[in-house]
Amino acid sequence: MKAVWYEQLNRRNSMAQATTATTIAIPERSLFSWNRMWLGIGLLSGWYILVNLYERAFAFTKGLDYTSPEYQTYWMNLLLAELALEALSFIAVCTWLWVTRDRNLENISPVEELRRYWNLGLFIVVYTVGLYWGASYFTEQDGTWHQTVIRDTDFTPSHIIEFYQSYPIYIILGVGSFMYAITRLPMFARSFSIPYAVLVGSPLMIFPNVGLNEFGHTRWFMEELFVAPLHWGFVAFGWGALAIMGVWLQACPRVYELIKQVYLGKTATSPVKVMEEPEKSVDPAYCEV
């Protein structure tokens, strides 16, 4: 009888321990809000709508003669202002993300790590919207402009908006998201993500390719078509944005594992282990149910 009683007691203790191990504390939904993404997209798109209205108001009335005083006032001053502000913004964003980096990633909680993946996803979405405005909308607009107006300078109204405003803005967003990943997430902190580097670096290279573009247009007359050999660099670097699929393939197994731990009470790989062997975190088989 005594042995049976001890056996029952041990069984109850084991059940209690199992229950304690799988206790789930569901995080607040506010931790995974869409608001910052919509705010970022709204601010970015609202700004570009205003920029487009500015173009429509002053591109043809003040932007056809580079030597005119009006051109200097309405366009060259805008060029200098945006380049200065963008350089300062780039330095400020990268400096802030580095100075405020998490120096104790080994002890990050599952909820906090999951929240940071959510923030990274929102960051990348805003980056892709910025990339659309720069590498698609304003780039197509530039082709239309130069098919209509003969350029008398490399700093045309269309270029001042496209090359020297929209491109640097999406570059800041892309590099900022990359900095966020390597300073806040264990998997990206200790390993170099080639897909992420391509996602950010390939569209970034569109900007220096502008130099080749302007050199070519100075030496040769050609139509503003993307099939022109001079423009192949823009197309190739733009297609590099498809590396976003590789980034999601790297992040999703770890996110899935964290979801199981946070919401289902399963055991997930610790951040310490992830930092020691980050390649295992991207293996879907490693996150089996």
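## Exposure and overall make-up

A residue counts as buried when its relative accessible area is under 20%, as exposed when that area is over 50%, and as partly exposed in between. Trp34 has a relative accessible area of 48% and is therefore partly exposed. This residue of the predicted model lies in the loop between α1 (2-21) and α2 (35-62), and its C-alpha atom is separated by 9.3 Å from that of Trp118, although the two tryptophans are 84 residues apart along the chain.

The protein as a whole contains 11 helices and 0 strands, so that the order of elements from the N terminus on reads α-α-α-α-α-α-α-α-α-α-α. Of the 289 residues in the protein, 43% are buried.

## Helix α3

Helix α3 covers residues 69-99, and its 31 residues reach 44 Å from the first C-alpha to the last, which is close to the 45 Å expected at 1.5 Å a residue. The helix nevertheless has a kink of about 30°, which is centred on Trp75.

Trp75 is itself one of the buried residues of α3, together with Tyr71, Met76, Leu79, Glu82, Glu86, Cys94 and Leu97. For Cys94 the relative accessible area is 16%, and because buried means under 20%, this cysteine falls within that class.

## Helix α4

Helix α4 takes in residues 110-148, and for its 39 residues a span of 57 Å should be expected at 1.5 Å a residue; the C-alpha atoms at its ends are 56 Å apart, which agrees with that expectation. Along its course, α4 bends by about 30° at Thr139.

Phe138 also has its place in helix α4, and with a relative accessibility of 0% it counts as buried. Phe138 is 28 residues apart in sequence from Ser166, while the C-alpha atoms of the two residues are 7.7 Å apart in space.

## Helix α5

Ser166 is also the site at which α5 bends by about 25°, and a proline, Pro168, follows within four residues. The 28 residues of α5 reach 39 Å from the first C-alpha to the last, a distance close to the 40 Å expected at 1.5 Å a residue. This helix is mostly covered, since 27 of its 28 residues are buried.

Tyr170 is found in helix α5, and a relative accessible area of 0% places this tyrosine among the buried residues. Its C-alpha atom is separated by 9.9 Å from that of Leu44, even though Tyr170 and Leu44 are 126 residues apart along the chain.

## How α3 and α5 pack

Helix α3 and helix α5, the latter made up of residues 157-184, pack with their axes 10 Å apart and at an angle of about 5°. Because angles under 35 degrees count as roughly parallel, α3 and α5 are therefore roughly parallel to each other. The residues that form the contact of α3 with α5 divide into 22 nonpolar, 4 polar and 3 charged.

## Cysteines

A disulfide would require a pair of cysteine sulfur atoms within 2.5 Å, and by this rule the count for the model comes to 0 disulfides. As for the surroundings of individual cysteines, Cys94 is buried at a relative accessible area of 16%, whereas Cys252, at 45% relative accessibility, counts as partly exposed.

Notes:
Residues are numbered from 1 along each chain as its sequence is written. This is a predicted model: local features need pLDDT of at least 70, side-chain atom pairs count only at pLDDT 80 or more; totals for chains, interfaces and linings use all residues. Side-chain values use heavy atoms; hydrogens and water are left out. Axes are lines fitted to C-alpha atoms, for helices over the stretch in contact, and angles run from 0 to 180 degrees between N-to-C directions. Helices (H or I, at least four residues) and strands (E, at least two) are DSSP runs, numbered from the N terminus. Angles under 35 degrees count as roughly parallel, over 145 as roughly antiparallel, 65 to 115 as roughly perpendicular and the rest as oblique. Ala, Val, Leu, Ile, Met, Phe, Trp, Tyr, Cys and Pro count as nonpolar, Asp, Glu, Lys and Arg as charged, and the others, Gly among them, as polar. Buried means under 20% relative accessible area, exposed over 50%, partly exposed in between (1.4 Å probe, protein chains only). The expected span of a helix is 1.5 Å times one less than its number of residues. The bend at a residue is the angle between axes fitted to the seven residues ending there and the seven starting there.
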